[in-house]
Amino acid sequence: MNVPQGFIEMTCLNDGKRCLVRTNLIGSVYECGPTKKDYGVKPAHTEICYEGDKSVDVVESYDEVLDKMYISGL
């Protein structure tokens, strides 16, 4: 996929589908370890928070997300 400048392409943790995230709307990025849930264990992931209380969990590592954000702004 040819990603437009100002966006990053990520893989959603929930469904494994690729998505585009607009970098200027990202408020914070968090590295999250594995978490035990009622349905099992949620694997390690990165949480991208944007527009206040909205967020998306992605499979890419924290460093990968930051690298892609940096490159998208060039």
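**Figure 1. E60 and its salt-bridge partners in the predicted model.** E60 is buried, with a relative accessible area of 7%. In this predicted model, the side chain of E60 meets that of R18 in a salt bridge, with 3.2 Å from N to O. R18 belongs to strand β2, whereas E60 sits in the loop between β7 and α1, so the pair ties together parts that are 42 residues apart in sequence. R18 also forms a salt bridge with E9, where the closest N and O atoms are 3.3 Å apart. E9, R18 and E60 are thus shown as a linked network of salt bridges. Within the network, R18 counts as partly exposed at 43% relative accessibility, while E9 is buried at 15%.

**Figure 2. The salt bridge between K42 and D57.** The structure holds four salt bridges, and this view shows the one in which the side chains of K42 and D57 meet at 2.7 Å, N to O. K42 lies in strand β5 (residues 40-42) and D57 in strand β7, so the pair ties together parts that are 15 residues apart in sequence. Both partners fall under the 20% limit for burial: K42 has a relative accessible area of 16%, and D57 has 15%.

**Figure 3. Surroundings of T46.** T46 is located in strand β6 (residues 45-50) and is buried, with a relative accessible area of 1%. A polar atom of the T46 side chain lies 2.7 Å from the backbone oxygen of E60. The backbone nitrogen of Y62 lies 3.1 Å from a polar atom of the T46 side chain. Beyond neighbours within four places in sequence, the contacts of T46 include V29, Y30, V56, D57, V58, S61 and V65.

**Figure 4. The sheet β3-β6-β7 and helix α1.** Three strands form an open sheet in the order β3-β6-β7, with antiparallel pairing. Each of β3 and β7 has a single partner strand and stands at an edge, so one side of each is left without a neighbour in the sheet. Neighbouring strands are turned by 20 degrees against each other on average, direction ignored. Strands β6 and β7 are joined by five bridges, and Y50 has K54 as its bridge partner in β7. Helix α1 (residues 62-72) packs on the sheet and touches β3, β6 and β7; the helix direction makes about 155 degrees with that of β3.

**Figure 5. The hairpin of β1 and β2.** Strands β1 and β2 run antiparallel and are joined by five bridges. One residue of the pairing is E9, whose bridge partner in β2 is L20. Six residues separate the two strands of the hairpin, and G16 in the turn has a positive phi of about 75 degrees. In a regular strand, side chains alternate between the two faces of the sheet. In β2, C19 and V21 make up the covered face, and R18, L20 and R22 the uncovered one.

**Figure 6. The largest nonpolar core, with I8 and I26.** Eleven residues form the largest nonpolar core, among them I8, C19, V21, I26, I48 and V65. The elements giving two or more residues to this core are β1 (7-11), β2 (18-22), β3 and β7 (54-58). I26, in strand β3 (residues 26-32), counts as buried at 14% relative accessibility. Sequence neighbours within four places aside, I26 is in contact with I8, V21, I48, C49, Y50 and M69. The C-alpha atoms of I26 and C49 are separated by 6.0 Å, although the residues are 23 apart along the chain. I8 touches residues including V3, C19, V21, V65 and M69.

Key. Residues are numbered from 1 along each chain as its sequence is written. This is a predicted model: local features need pLDDT of at least 70, side-chain atom pairs count only at pLDDT 80 or more; totals for chains, interfaces and linings use all residues. Side-chain values use heavy atoms; hydrogens and water are left out. Helices (H or I, at least four residues) and strands (E, at least two) are DSSP runs, numbered from the N terminus. Buried means under 20% relative accessible area, exposed over 50%, partly exposed in between (1.4 Å probe, protein chains only). A polar contact is a pair of N or O atoms within 3.5 Å; within protein, one must be able to donate a hydrogen and the other to accept it, and residues adjacent in sequence count only if both atoms are side-chain atoms. Contact means heavy atoms within 4.5 Å. A nonpolar core is a set of buried Ala, Val, Leu, Ile, Met, Phe, Trp, Tyr and Cys residues joined through side-chain atoms within 4.5 Å. Two strands pair if DSSP finds at least two bridges between them. Axes are lines fitted to C-alpha atoms, for helices over the stretch in contact, and angles run from 0 to 180 degrees between N-to-C directions.
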